[in-house]
Amino acid sequence: MSERIAVSSQAVPALIDPFGRRIDYLRLSVTDRCDLRCNYCMPKDFKGYEEPSHWLTFDEITRLMSVFTRLGLRRIRLTGGEPLLRRNLPQLAGQLAALPGLQDLSLSTNATQLARHAVALKAAGVSRVNVSLDSLERACVEQVVGRDVLSQVMEGLQAAKAAGLTPIKLNMVAMKGVNEHEIETMLAFCIEHGFILRLIEAMPVGDTGRNTAYLDLESVRQRLQSRFDLVPQAAELGGGPARYWQTRDGRGQVGFITPISQHFCATCNRVRLTVDGVLHLCLGQEDRVEFRPLLRGGASDAELEATIRHALTLKPERHEFREAPGKVIRFMSQTGG
């Protein structure tokens, strides 16, 4: 959908969807390329990348995000693919960090390139990073991502910590029969190094997601609660969907992201923009609005604003991962993290 929407002077200024949810968080994909092939994200032989000429330019992104922030967007997370493969990413980060009203600019990364960019990202205005790390065992990492990159990821984590890109969260997709035996070890590692662990249930997004061995995190939470003396944590940590627990002494935190076993759709506050300017209203549905034709076709800011408001009317109440696991055929890397 790319036709222009009529501008209404009666529009409500806040970004509210039809179910009363305030949308203040946008996950911004800056590339669909990645240097890894995580088996829950992208097929190892995938070649269907978006043409670079279709990528939104930094100025197009900044203009669109400026309209979003005027309407009440407060958080932007840079994602991919692997966002650090986008050339001159700190330049874009600086442009976004300067937007009035933006309160939080963060980055999701696999950390293979992070050691080279951590200082520049911090200087540009990125406040914190989430790092994908599914295992501390070299062989398991290679099995999941297709390459032996554990040492690069560890170097990236050290660089991010030194640069002050904190708090650092480690995103671990919990997979039955693959890395479930490592979850306690991973939490102990995070407590030792001052990281926050986030455990994520595999989602049926694309064939890769559907073929990933799903692990219900409720039993995992009970296991960790007993071993680490966890108690619920009320503090909000980043505006995302995780439900956090902490050790009783407050030294360690672990978040559980459970889109399958305990979905969090009632409190969903986010949308996703792909590298070619497609706004996805739900990770588990196909509702979408295209902004590239508007940005390159002379649309005014008022028209962009009206289109954003219209897009929010399409946001569904919830995903259907359980009822229709085969519904979403696009891969996670094409949607944007």
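Two strands count as paired if DSSP finds at least two bridges between them. I start there because strand pairing under that rule is what the first part of this talk is about. The model is a predicted one.

Take strand 3, residues 104-109, and strand 4, residues 128-132. They pair in the parallel sense, over 4 bridges. In that pairing, S108 of strand 3 stands opposite N130 of strand 4. Strand 3 also has a partner in strand 2, residues 75-79, and this pairing is parallel as well, again over 4 bridges. Here L107 of strand 3 has L78 opposite.

How many residues of strand 3 are buried? The count is 6 of 6, and the strand is mostly covered. As for the two sides, D104, S106 and S108 point one way, while L105, L107 and T109 point the other way, and all of these are buried. To put the two partners together: S108, which faces N130 across the pairing with strand 4, and L107, which faces L78 across the pairing with strand 2, point in opposite ways from strand 3.

Now the sheet as a whole. It is an open sheet of 12 strands, in the order 7-8-9-6-5-4-3-2-1-10-11-12, with mixed pairing. Its edges are strand 7, residues 230-232, and strand 12, residues 288-290, each of which pairs on one side only. On average, neighbouring strands in this sheet are turned by 25 degrees against each other, ignoring direction.

Next, the helices. I have two pairs to show.

The first pair is helix 3, residues 114-124, and helix 5, residues 150-163. Their axes come within 8 Å and cross at roughly 20 degrees. Angles under 35 degrees count as roughly parallel, and therefore helix 3 and helix 5 are roughly parallel to each other. The crossing is right-handed. Which residues meet? From helix 3 they are L114, A115, A118, V119 and K122, and from helix 5 they are E155, G156, A159, A160 and A163. By class, this contact has 7 nonpolar residues, 1 polar and 2 charged.

One more residue of helix 3 is A120. Is A120 buried or partly exposed? Its relative accessibility is 36%, so A120 counts as partly exposed. The C-alpha atom of A120 is separated by 6.2 Å from that of P90, and the two residues are 30 apart along the chain.

The second pair is helix 6, residues 183-193, and helix 8, residues 217-228. The axes of these two come within 11 Å, and the crossing angle is roughly 50 degrees. Helix 6 and helix 8 are therefore oblique to each other. This crossing, too, is right-handed. Helix 6 contributes I183, E184, L187, A188 and I191 to the contact, and helix 8 contributes V220, R223, L224, R227 and F228. The residues of this contact divide into 7 nonpolar and 3 charged, with no polar ones.

To finish, the totals for the chain. The protein chain has 11 helices and 12 strands. Of its 337 residues, 57% are buried. Among contacts with a separation of 6 or more, 74% come from residues 24 or more positions apart.

Methods:
Residues are numbered from 1 along each chain as its sequence is written. This is a predicted model: local features need pLDDT of at least 70, side-chain atom pairs count only at pLDDT 80 or more; totals for chains, interfaces and linings use all residues. Side-chain values use heavy atoms; hydrogens and water are left out. Axes are lines fitted to C-alpha atoms, for helices over the stretch in contact, and angles run from 0 to 180 degrees between N-to-C directions. Angles under 35 degrees count as roughly parallel, over 145 as roughly antiparallel, 65 to 115 as roughly perpendicular and the rest as oblique. A crossing is left-handed if the near helix is turned anticlockwise from the far one by less than a right angle, and right-handed if clockwise. Contact means heavy atoms within 4.5 Å. Ala, Val, Leu, Ile, Met, Phe, Trp, Tyr, Cys and Pro count as nonpolar, Asp, Glu, Lys and Arg as charged, and the others, Gly among them, as polar. Buried means under 20% relative accessible area, exposed over 50%, partly exposed in between (1.4 Å probe, protein chains only).
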